[in-house]
Every structure is written in structure tokens, then in C-alpha cells.
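Here are my notes on the model you sent, set out as numbered points. Please read them with the sequence and the coordinates open beside you.

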Amino acid sequence: MGKKKETITIYDVAREAGVSMATVSRVVNGNPNVKPVTRKKVLETIRRMGYRPNAVARGLASKKTTTVGVVIPDISYAFFAELTRGIEDIANMYHYNIILCNSDLKKDKELQLIEALLEKQVDGLLFLGGEVTEEHREIFAGAQVPIVLAGTRDDVDEERPFVTIDQVQAAKDATQVLIKEGHDRIGLVGGPLDDPIIGYPRYQGYKEAMEEAGLNIDENLVRLGNLRYDSGVKAAEELLSSNHPPTAIFAVNDEMAVGVIHAAQDLGRKIPEDVSVIGFDNIPLAAQVRPLLSTVAVPMYDIGAVAMRLLTKYMNDESIEDNRVLLQYRLELADSTRLKEF
């Protein structure tokens, strides 16, 4: 077995280049106070010797690791995948590495991940998790680094910075599209009600729209799924096979909405002639189903990008005008609803 290659140290580079270790350190950290000819010589030596700066050692020296922790429910949801892309692009722009952790929306796992990331001495934390509980607030309060919420908010700690949309109002608008079409039996294919990012606020918006229109909320018209395609299919099959089926369905995300469309079609229903369907998120799938899905377009990439930029401002002590950001969503009305303008 080959002998393990010895690690090249900053001392080796300094000796080889004939400069001080401080000079090598300045070159590695991008300090401008180095003569161009010296910088060139040091960089050539670094390349030739294959020296890689030790991020941990640099972190100890500078008290910064240039690393950001990101806690996300599930990267396999299109909603969070796109959001994470926004985070990553801005992190790269500002030369931060990200450590991405999936929490599966399990509170205990979330708390462990936050603790672990803070122990790794990340410079900041983005939290895209579930409900912000007292235990979360306790950990956040003890953190020595800034924390920003993305795609969610904390309604108890009014000071906690966040970037999201008005989920309740957006769901209300989506339901009102169906009400404007003249439907009074509007089904809801919802998410888990203990999910404060998608499940509960979007249910709340549906409820408010129905109540304000004086429509009865028939619990037989409500089915809760797990935000996946299959649960949309199952929910629609149950709703449309009942004695008093809905004539319109609001699904709280596009993946389930596409399941609703396919189930309705399998049962011989025409969309939107027999059943109008509206989704939420505007993921690529919305443009791939036929008829094209009406949906709420959420600026998912922007939520991630703006949250990451806000975090960089905190980490670099830049001035911040607004740390509680609600981004604009829009209704994208296509062929799965009869109404084309809201």
C-alpha cells in the first residue's frame, strides 16, 4: 500500500517561496497588501506544491468558517429544491459554502441538526423547517451567529428575520378563483395541518375564502394528503366518487393537483368542464400536465436568494432596511380553471 501523501503546510509554501508565513496567509485570504510579483510567486508555489488551505485552521484564526448551515424539510420536494438553488447561488456569489441538512419535518431531528451546525461554528444559519417552537427559540437565542427563516416565519418572535410570501392570502386568492367561477361545493386537497409552512396556512386561506363567501365548509369535501402525487390521486378518487362530489378542487401544492387531474380524468371527468382544479407553487410540473394547471406562482428561487442575501448582510454587519420580507406571488391561470383572469 502506498505511503500516505504528506500534507503540505503553509510553512512548506513559505519556505519554498522564500517569503514569510504571514505573506502566504495574506495571499490565501485575498489581502491586497502584497506586491503583485510576490503574490504571483506565492500562487505559483501553491499550485506547484498542491497546497490546500485548511478551512478549520483558517476559521480558528479568523473566527470565521465562511460556512452557512441550511436546515430544510426535504430536498426532494420541488418547492424546497428550487428554494435551495436560490440559497446556493447567492452563497457562491459571496464565497460561502453551505452545509445542507434534511430534517424530514421532524422536530427532534430539526433541533439536533441546528445544534450540530452551531457546534460546527457556521457563520450563519438559514432555517426552512417546520414550526418554530419554544425549543427552537431557546436554541436560536443562545446562538452566537445570525439566523434567518426562509419560506416560513415565527409569529411569536416578531423580531426573527424571515423571507416568505403571505401563504394564507395566496391560498385565499386561489380559492376565490373557484368561487368566482360560481362553485359552491369546493373540495380541498390539503397537506398535514401540523405543517406551518404549507399545510396549515393554505388550509386557513381556503377556510377564510369559503367563510367570507358565505359558503359551508363541508368536512366531507376536505382530504389531507402528504403533498405527494399519489395522495392527490387518492384524495380526488375519494372526493369525486362520493354522493355529493365537489365541482371544483383546490390542491395546496402542484404535485397533488396533478394527481387530482389524473384521477378525475380516469373517472371520466373533463377538466375544467366537469371539475375545475387549481394548485399552488408553480413548479415545472404545472406546465407539463394537460390541461395546463392553474396555480399560484411562488417566487421560490427568490425566497432562497433574498434570505441568503439577508443573512450575508447580518454576517458582514451591513446595514439592513427590512428584515421581515414578504415577496409577491401571482396567480397563473391556465386551462384547468374556466376563469382566465382574476
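1. Which helices are included in what covers the buried residues of α1? Before answering, I should say that this is a predicted model, and every remark below is to be read in that light. The cover over the buried residues of α1 includes α2 and α3, and the residues of α1 that are buried are Asp12, Val13, Ala14 and Ala17. Directly after this helix comes Gly18, whose phi is positive at about 70°.

2. Helix α2, residues 21-28, can be read in a similar way, for its buried residues are Thr23, Val24 and Val27. Viewed down the axis of α2, these buried residues fall within an arc of 100°, so they line one face of the helix. The general background is that an α-helix has 3.6 residues a turn, so residues three or four places apart point the same way. Among what covers the buried residues of α2 are α1 (10-17) and α3 (36-49), just as α2 and α3 are among what covers the buried residues of α1.

3. On the overall form, the protein has twelve helices and twelve strands. Its radius of gyration is 26 Å, well over the 20 Å that the globule rule gives for 342 residues, so the protein is more spread out than a compact globule. Along the principal axes, the C-alpha atoms fill a box of roughly 85 × 40 × 40 Å. One pair of residues gives a sense of distance within the model: Gly225 and Thr45, which are 180 residues apart along the chain, have C-alpha atoms separated by 59 Å.

4. As to burial and surface, buried residues account for 50% of the 342 residues, while the accessible surface comes to about 17200 Å², with 49% of that area belonging to carbon and sulfur atoms. If one takes the contacts between residues at least 6 apart in sequence, 69% of them join residues at least 24 apart. The protein carries 40 positive and 51 negative charges, and the mean positions of the two sets are 12 Å apart.

5. Two peptide bonds deserve a look, since most peptide bonds are trans. The bond from Ile271 to Pro272 is cis, with omega near 5°, and Pro272 lies in the loop between α11 (254-266) and β9 (276-278). The bond that joins Arg290 and Pro291 is also cis, with omega about -5°, and Pro291 is placed in the loop between β9 and β10 (295-297).

6. Where do residues other than glycine with a positive phi sit, taking Leu227 and Asp317 as the cases to inspect? Leu227 has a phi of about 75° and sits in the loop between β7 (222-224) and α10 (229-240), where it counts as buried because its relative accessibility is 3%. Asp317 has a phi near 55° and sits in the loop between α12 (300-315) and β11 (324-326); at 71% relative accessibility, Asp317 counts as exposed.

7. The loop between β7 and α10 also holds Gly225, which is buried with a relative accessible area of 12%. Setting aside residues up to four places away in sequence, Gly225 touches Gly190, Gly191, Pro192, Ser231 and Met256.

8. Phe79 belongs to helix α5, residues 78-93, and is buried, at 3% relative accessibility. Apart from neighbours within four places in sequence, its contacts are with Arg202, Asp281, Ile283, Val298 and Met300. Phe79 and Val222 are 143 residues apart in sequence, and their C-alpha atoms are 23 Å apart in space.

9. Is Asp184, in the loop between α8 (167-180) and β6 (186-190), buried or exposed? With a relative accessibility of 52%, Asp184 counts as exposed, the cut-off being over 50%. Leaving out neighbours within four places in sequence, Asp184 is in contact with Met210 and Leu215, and its C-alpha atom is separated by 16 Å from that of Ser242, which is 58 residues away along the chain.

How values were computed. Residues are numbered from 1 along each chain as its sequence is written. This is a predicted model: local features need pLDDT of at least 70, side-chain atom pairs count only at pLDDT 80 or more; totals for chains, interfaces and linings use all residues. Side-chain values use heavy atoms; hydrogens and water are left out. Helices (H or I, at least four residues) and strands (E, at least two) are DSSP runs, numbered from the N terminus. The radius of gyration is taken over C-alpha atoms; the globule rule is 2.2 Å times the number of residues to the power 0.38. Buried means under 20% relative accessible area, exposed over 50%, partly exposed in between (1.4 Å probe, protein chains only). Contact means heavy atoms within 4.5 Å. Accessible areas come from the Shrake-Rupley method with a 1.4 Å probe; for residues, only the protein chains shown count as cover. Lys and Arg count as positive and Asp and Glu as negative; His and the chain ends are not counted. The place of a charge is taken as NZ of Lys, CZ of Arg, CG of Asp or CD of Glu. The arc is that of the directions from the helix axis to the C-beta atoms.
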